[in-house]
Structures are given as C-alpha cells and as structure tokens.
Amino acid sequence: MIEEIKLSSFVTFLIFSGMFLGGSSIQVMSLLLKRNSLYLQIFCGGLLVGLFAFELLPDVYRDFQMIGIFTGISIGIFIMFMMEIFLHRNTFQTKHTDTIFLLLVALLIHSIPTGISFGMSLQPGQMMNYGLLIAFFLHNVPEGMVIMASMPLIKKKNKWFVTFCFILSIVIGLNIFMGLNMRVDSIKWSTIMMGMTIGTIGYVTFYELLWKKSKYLPKAKVAFFVILGIVGIHFFLRILPAHQ
C-alpha cells in the first residue's frame with residue numbers, strides 16, 4: 001500500500017509539472033499574440049482535434065465496441081449540456097468562464113479511464129518503466145496548454161490555472177492509485193468511460209473552442225491555427241516513447 005501511494009504521488013507531481021510546462025509555453029506564445037488571444041484557443045482546439053485523430057479514435061476502433069462508445073458519447077454530451085445550463089444560471093459565471101469550467105469537467109472525466117488504465121499498467125514489484133512515465137509527463141503538456149489558453153480573459157488567471165492543474169493532478173493521482181489496486185478490468189466500464197471522454201472533450205473542442213470562439217474571426221486564419229495545432233500534436237505524439 002505504501003509503495004502504491006508513493007508511486008501515485010510521484011506520478012501526480014509529474015502530471016502537475018507537465019501541465020505547468022504547457023501553461024508556461026502558452027504564456028510565452030501569448031506575448032506574441034497580445035491582441036489575438038482567441039487564436040491561442042483556436043490553436044489549442046486544433047491540438048485537441050489532433051488528439052482525437054491520432055490517439056483517441058484509433059484506440060476506440062481498435063479496442064472497443066461501437067454501441068458502448070456511442071452510449072458513453074451520449075452520456076458525455078448530456079453532462080456537458082446540463083453543466084452549461086447550470087453555469088448560465090449562476091451569477092459567478094461570465095461569458096469568459098463557461099469554456100474553462102466545461103473543459104475542467106471534461107478533463108476530470110477523461111482522467112478516470114486514463115488514470116486507472118495507467119495505474120493498472122504499473123504493476124507493483126516490476127521494473128519501473130521510465131519511458132512510460134516520460135510519455136505520461138509529456139502527454140499532459142498539451143492539456144496544460146489548453147487549460148491556460150482557455151482562460152486568457154479571466155481575472156487572476158495564473159491562480160485559477162494552478163488551482164485547476166492541482167485539482168486535475170490530484171484526481172488523476174487518485175485514479176492511478178485505484179488502477180494500481182484493481183485486479184479486474186471491465187471492458188464494459190472502460191468502453192462507457194472512453195465514450196464519455198470523447199463526448200465531453202468533443203463538446204468542448206468543437207462547440208466551445210472552435211465554433212464559439214471562431215464565429216467572428218476570419219475563417220482562413222481559423223483554419224490556419226487549427227491545422228497548425230493538428231500538425232503540432234502529430235509531431236509531438238511521435239516523440240512520446242509510448243508512440244514509438
């Protein structure tokens with residue numbers, strides 16, 4: 001039990017560090033686009049589209065049944081729809097905060113199958129797979145970029161960013177700990193959760209980031225930043241040890 005806690009804590013630190021690195025890179029990029037912060041969000045939308053195209057969808061077609069995936073997608077979209085209604089009815093919500101809160105919910109749902117599966121892959125007593133740990137660290141860099149890019153107009157955004165990354169890191173660490181102690185893998189459970197991941201992140205990507213943010217922007221520039229994000233994540237994923 002102590003070893004599992006230590007390992008989960010260490011990976012939690014790696015996750016937070018990866019997200020922080022991604023957020024810091026967006027801060028640097030924002031210096032070049034001071035008056036065009038929406039394009040950073042469009043770029044990060046492209047990153048998420050790339051994750052769909054090069055990672056999530058290939059895994060789905062290879063490992064899961066479509067009926068379970070579509071069920072999970074429906075549940076995920078319903079959750080996002082209800083969350084948006086809830087946010088619009090609360091006074092703390094503004095036109096700049098809905099995307100980041102919906103993104104947080106989507107990433108929290110995404111962390112469940114990701115964290116548990118990763119925990120199950122770290123078998124206690126086996127030699128540490130440092131390549132897998134590096135891949136998991138780097139995999140959270142784009143998530144940190146998306147989180148930071150989604151809150152450019154929020155007051156005290158650095159504080160919010162650190163808070164959100166801390167929450168996500170802790171939740172993923174808890175899911176990893178669960179995975180380290182699970183002995184049975186339910187394919188039905190994994191299928192539903194993967195579908196919910198696609199539904200929630202897809203909602204944020206295509207509706208909140210790409211559709212809402214690009215309605216009043218030149219479509220040629222929008223297409224350029226989306227393609228730039230897709231190409232960027234393609235080459236980024238190629239350097240991950242797990243994708244070699």
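**Two cavities in a predicted model**

The largest cavity is lined by Leu48, Leu51, Phe52, Glu55, Leu56, Leu103, Leu107, His110, His139, Glu143, Val146 and Ile201. Two or more of these lining residues come from each of helix 2 (37-63), helix 4 (98-121) and helix 5 (130-149). Helix 2 makes the greatest contribution, with five residues. The model in which this space is found is a predicted one.

In volume, the largest cavity comes to about 120 Å³. Its lining divides by class into eight nonpolar, two polar and two charged residues. Among the lining residues are the charged Glu55 and Glu143, along with His110 and His139, which count as polar.

Probing the atoms in this way serves a simple purpose: a probe the size of a water molecule, rolled over them, shows where empty space is left. With a lower limit of 30 Å³, the count for this model is two cavities.

The second largest cavity holds about 70 Å³ of space. Around it stand Met19, Leu107, His110, Ser111, Thr114, Phe136, His139, Asn140, Glu143, Leu168 and Ile172. Helix 4, helix 5 and helix 6 (157-180) each give at least two residues to this lining. By class, the second lining consists of five nonpolar, five polar and one charged residues.

Some residues appear in both linings: Leu107, His110, His139 and Glu143 are found around the largest cavity and again around the second largest. Helix 4 and helix 5 likewise supply two or more residues to the largest cavity and at least two to the second largest.

Conventions:
Residues numbered from 1 in each chain as written. Predicted model: local features only at pLDDT ≥ 70, side-chain atom pairs only at ≥ 80, totals over all residues. Heavy atoms only, no water. 1 Å grid on protein atoms, 1.4 Å probe; cavity = no way out; pocket = protein on both sides within 12 Å on 5 of 7 lines; lining within 4 Å. Points joined across faces, edges and corners; volume = space filled by probe spheres on them. Helix = DSSP H or I, 4+ residues; strand = E, 2+ residues; numbered from the N terminus.
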